[in-house]
Each structure stands twice: as structure tokens, then as C-alpha cells.
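Trainee: Hey, got a minute to go through this one with me?
Mentor: Sure, pull it up and ask away.

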Amino acid sequence: MTKMKVEEQEKARTKARMSGSLMLIEALKEEKVEVIFGYPGGAVLPLYDELYKAGVFHVLTRHEQGAIHAAEGYARISGKPGVVIATSGPGATNIVTGLTDAMMDSLPLVVFTGQVATSVIGSDAFQEADVVGITMPITKHNYQVRDISELPRIIKEAFHIATTGRPGPVLIDIPKDITTAEGEFDYDQDVHLPGYQPTTQPNHWQIRRLVEAVSQSKRPVILAGAGVLHANASNELRQYAEQQNIPVIHTLLGLGGFPADHPLFLGMAGMHGTYTANMALYECDLLINIGARFDDRVTGNLKYFAPKATVAHIDIDPAEIGKNVPTKIPIVSDAKAALQELIAQQGKPADTAAWLEQLDEWKRRFPLHYEPEAGTIKPQKLIEMIYEMTNGEAIVTTDVGQHQMWAAQYYKFNRPHRWVTSGGLGTMGFGLPAAIGAQLADRSATVVSIVGDGGFQMTFQELSVIQELRLPIKIVIVNNQALGMVRQWQELFYDKRYSHSLIPNQPDFVKLAEAYGMPGLRAKTEAEAAEVLKQAFAMDGPVLLDFHVRADENVYPMVAPGKGLHEMVGVKACEESSR
Ligand SMILES: Cc1ncc(C[n+]2csc(CCOP(=O)(O)OP(=O)(O)O)c2C)c(N)n1
Ligand SMILES: [Mg+2]
């Protein structure tokens, strides 16, 4: 067939008359969507009928929350939008947590919810919920389709909005009669959104100001967030840091953007950050924030945050600049574009020799530290063992709590797009379903899902999906028989009154794994842990590992709430160890 004929046929397809449901399927094809995560119900029955006929790859999770977290994991690893379908009413309200999570962590999602028919909207019809109202503040944008003629344009806009500028979740609420109505499918149209024009290229004048500030600085530091990952700017970050000899700190979500084994890397900042990273933020004279939003878990008490520094902030979202921290040099831009410009300018590097020497000494003297203990499993040691077992190459997803912080501290990410965690919202139940999406985004990767015994029980029904799809995910339960992070705060700030945080009677997780048809293994000592890990990573399929760890272990260092980053507790001088 000639090229022209192919183009004509393509045009005909994108102009044909069809139902709303079929339009949705065709649009997903146009957008090259590989997988949909969803759950059916009355309002989306016509849509599911078309999915059935079209043979689209759809993963039926066991709860809508599982679907949306899986979509987030997929988006985080693939860089493409995660697609979710949920039915009206309870299906839609079950994705509220995931939407908020994606909104706070800037993950691109396109979410379709069914809605009752347009004729009964507002009448408290069966399974009606005001999803547009409910999700207004937790989506980057949302729509309700009121006329079939709007549907192709709205879907096209949704994909555009979710993936451009600062990524985020976009929701499309589709009444049932729209899914059955017929209209013309015109997907061959340009997106026209005069009110939405993200700035992606940096202002030259501001870049010049930053170049100048760097050349005059003695103690510069870069704080790199997930914006570096969203922009695929890891190489540029490294090039720039090396060119200018500037040390780099990551936020929790930014991990992997800069190699953890690089001499210029200082570790993670914030509440459970390294001594060196936090002290560098306290002592620096120039702070260059690239794609981070100065979250309070990173800054600690703002009164003591970077008190000696000129602040420069590169962010694609202008609303983030100056929101929490007064900023001298604002650069609204995509992180990659700004870094490319900075590299090209080749400014006079800062004289950082003395600064780097000071930082190296801190790194040597105050590394992350825990007391090894034979006969138990130290959770920190467990993470180190997983790191070694996977050569630091695994995709790691986590839940929220102590295990999450230990994973962030002790799994050293040298590569980008290997780390999937719920940062801004801190959503328990995130880790396991996120692993499903991550594994589907990268089939050949080793995926380890490190979860708490508490959070695991919020979404463990998704074991069913892992087993059904034979996804070779290694599920690691860091079992401290407690809501460990809550227990830690109660120990430290509530006089050891462990109000509803201890769970001595957790279920038998090994039997639970077996009930879902996958092997489960348990370890209670370091030697058993080593053995169990060896067995698990030798297996092809999924496996659940229940590690009974030392239950009273705390995450350190710690910046207590209300304190400045320089007021960390649990820092131990360690003369010779380099751990
Ligand atoms: C949905 C949700 N509910 C409550 C919390 C508050 N919270 C934060 S950490 C934590 C404890 C988590 O326990 P577990 O999953 O066992 O992890 P651990 O801290 O023990 O490693 C709780 C309850 C939360 N983050 N998310
Ligand atoms: Mg726990």
C-alpha cells in the first residue's frame, strides 16, 4: 500500500461514527496505551463490553485502590501515563486516595470513571457520586462529558494535560448514556488550550544570575527532586554537578536521579536524611533546588532551613517557587532544559575544595549507622542484604513507615527510575499494587516490594493479580508486628504510650501467600534471612517473604517535628566504619 493510502485509511478511522465506548478504545489505541488497570460495574458495562471485543490488555485488580496504585507504579517506571477505569459511585470513591497520591507526587494518570446517565445526574441515582466535585482538588484537571461530540477532544486533552508541564492525574467522568451514544470520532485534532501553556525553557537572564551566583559561591549544594526524573535529566544533572564541582542531595522521591556511589553525593535530606546532607543544607551559601518542592519533611522547621543560603529554584511549576522558601533566583523550566543551558554556559566553577573536604569528613565521621546484632534481623541489615542480592539493580517499591525510610537509606540507587514510593501523601497500601504496575512497565526487571506488616494488610488482595499474571515480584514484609513508625513516635514523643500501634497477633503471612497460590518463606534470624533471600531470588515466579525483624528498632537520624535540620538526633560518630 502506498504511504498516501495508509494515511487516508488512518484518517478514515479517526473520523468514523461510533459509540462513546468504542471511541474510548480507539483513543487509547491512538495514545498507544499498553495496559489498563480497572474494575467493572454498572455504569461502565458498555465500555467493558467493548474492551472484551477489542481484546485490550486490562488488569483486573481486586480493589480500585489497587488499580490506581498499579497505574502509578507503571507511570513512575515507564514515564508514560497510567490508565485506570472505575465504575461510578463506590468505584470512583475508591480511587480518591490514589488520585491524591498521584497529585502530590506528580504522576501522570488518565482516569476514566463511569457516571449515572445524564438524565438522572443530581437525583441521587443508584451509585451516583459527585466525582467531579470530589476530585476537583486532587486532580490536575477533571472533566465530565456531557455530549458525545466532546469525547474525543476531552480524551486527547486529558492525555496532553497529564503528561506535559508538571505531570499529574486527569479524570474523565463519563455518564453511561454517553458511552452508548454515537458520534463522530475525530482524534485528528490539535489540542488548543490557551490557558494551559507550561513554560519549559528557562529564562536566559535568570540562568545568567545562577551562573554568576555559582561562581561566587564557596559552599554550593544541589537539592534534586523527582522533577529531575520526570524530565529524564539524570545525565545532565551529573554532567552539571561534575562540571561545577557541586555536591548533590536528593529528596526521598528524587533518589536515583544522581548515582548514590558518586563522590559528590551526600545522601537523602530531611527528617530521616543523612547527617551530611542535612548539615550541608544548613551550612550552604547557595542552594540550587532542581525539581523539588521544599516539602516540610525535607526542610524541617523553615526558620532554620538553609539560613545562610541564596536560594535558586528550578521548577516547571511556577506555583512551587517561593511557596515555602524565599527564592532569590527563580527559574521556571523543565529540569533538563535548564541543566542543558547551565552546562552550555560553562560558568566559572565555584571554589568548592574546602567545602568538599568538610563534607567528606562528615561523610566519614557520621555515616548512616546501626548496631549489628546476631540472632535477630536488623531491618537495616535486611535492606543491605537485598541490595547486595540484587546488585543494586532492582526496582524497589515500598509502602509507608519505618521500612520505607530504611529502604531509602540503605538501598543505594545508582540508576534513575528504580524507586517507587509514596512521598507526599505517604499512603499505606501503596507498595504492593505499585509493584504490579512497575513490573508491567519493565517486564525484565527484578522487582522487590518492601512493605510493612501494617500497610501490606491494606491492599494484600492484589496478591491475586500477582499470582494470576505470574509476575515474579519478590514481596518483602518487614514484620515488626507494629505500626512501626507510629510506635517510634509514641516512644519518642508520647512517653512510650503505645496507643493502638502494636499488633502482636499478625496473621500467618506464609499461609496467606499459600492461600493465594504462591510460595511463602519466613526468617527470624540473619542467617535464616540470608538463606531465604537466596531461595527467593533463585525462584522464577512471585514469592512472599515474611521477615520477623527486631521490633523495637527506630529510624535514625531523625529531625523531630518542629526542629531544624541541624538538630538531628540519633547521629553517632563512627571513626573507622564507612557504612
Ligand atoms: C492509609 C494510611 N493510614 C495511616 C497512616 C499513618 N501511618 C504512617 S506510618 C504508619 C505505620 C505503618 O506500619 P507498617 O506498615 O507496619 O510499617 P512500619 O512502620 O512498621 O515499617 C502509619 C499507621 C498512613 N501513612 N497511611
Ligand atoms: Mg510494621
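**Talking through the model**

Mentor: Let's begin with the metal: the donors of the magnesium ion (ligand 2) are spaced along the chain as D-x26-N-x1-A. Keep in mind that this is a predicted model.

Trainee: Okay, so which residues coordinate the magnesium ion (ligand 2)?
Mentor: Asp-453 does it through OD, Asn-480 through OD1 and Ala-482 through O, at 2.0 to 2.1 Å. Asp-453 and Ala-482 link distant parts of the chain, 29 residues apart. Asp-453 sits in helix H20 (residues 453-459), while Ala-482 is in the loop between strand S18 (474-479) and helix H22 (484-493).

Trainee: And are Asp-453 and Ala-482 buried or exposed?
Mentor: Both Asp-453 and Ala-482 are buried.

Trainee: Let's zoom out. How many helices and strands does the protein have?
Mentor: The secondary structure comes to 24 helices and 20 strands.

Trainee: What about the overall shape? How does the radius of gyration fit a compact globule?
Mentor: The protein has a radius of gyration of 25 Å, and a compact globule with 579 residues would have one near 25 Å, so the two agree. The C-alpha trace spans about 75 × 60 × 50 Å along its principal axes.

Trainee: How much of the protein is buried?
Mentor: Buried residues make up 57% of the 579 residues. As for the outside, the accessible surface comes to about 23000 Å², and 51% of that belongs to carbon and sulfur atoms.

Trainee: And the contacts? What share comes from residues 24 or more positions apart?
Mentor: Those account for 75% of the contacts with a separation of 6 or more.

Trainee: Switching topic: how many disulfides does the structure hold?
Mentor: Zero disulfides. As for individual cysteines, Cys-284 counts as buried because its relative accessibility is 0%. Cys-574 is buried too, with a relative accessible area of 11%.

Trainee: Then how many salt bridges are there?
Mentor: A search of the whole structure finds 25. One of them joins Lys-53 and Asp-49, where the closest N and O atoms are 3.7 Å apart.

Trainee: Where do Lys-53 and Asp-49 lie?
Mentor: Both are in helix H3 (residues 45-54), four residues apart, which is about one turn of the helix. Lys-53 has a relative accessible area of 56%, so Lys-53 is exposed. Asp-49 is partly exposed, because its relative accessible area is 40%.

Trainee: Got another one? What do the side chains of Glu-371 and Lys-572 do?
Mentor: They meet in a salt bridge, at 3.4 Å from N to O. This pair links distant parts of the chain, 201 residues apart. Glu-371 is in the loop between helix H16 (353-365) and helix H17 (379-389), and Lys-572 is in the segment after strand S20 (543-548). Glu-371 is partly exposed at 42% relative accessible area, and Lys-572 counts as partly exposed at 40%.

Trainee: And how far apart are the closest N and O atoms of Arg-522 and Asp-546?
Mentor: They are 3.2 Å apart, in a salt bridge. Arg-522 belongs to strand S19 (residues 520-523) and Asp-546 to strand S20, 24 residues apart. Arg-522 is partly exposed, with a relative accessible area of 32%. Asp-546 has a relative accessible area of 2%, so Asp-546 is buried.

Trainee: Last one: which residues do salt bridges with shared partners join into one network?
Mentor: Those are Arg-166, Asp-317, Glu-320 and Lys-323.

Key
Residues are numbered from 1 along each chain as its sequence is written. Chains are lettered from A and ligands numbered from 1 in the order in which they are written. This is a predicted model: local features need pLDDT of at least 70, side-chain atom pairs count only at pLDDT 80 or more; totals for chains, interfaces and linings use all residues. Side-chain values use heavy atoms; hydrogens and water are left out. Donors are N, O and S atoms within 2.8 Å of the metal (3.2 Å for Na, K and Ca); water is not among the atoms, so sites may look incomplete. Helices (H or I, at least four residues) and strands (E, at least two) are DSSP runs, numbered from the N terminus. Buried means under 20% relative accessible area, exposed over 50%, partly exposed in between (1.4 Å probe, protein chains only). A disulfide is a pair of cysteine sulfur atoms within 2.5 Å. The radius of gyration is taken over C-alpha atoms; the globule rule is 2.2 Å times the number of residues to the power 0.38. Contact means heavy atoms within 4.5 Å. Accessible areas come from the Shrake-Rupley method with a 1.4 Å probe; for residues, only the protein chains shown count as cover. A salt bridge is a side-chain nitrogen of Lys or Arg within 4 Å of a carboxyl oxygen of Asp or Glu.
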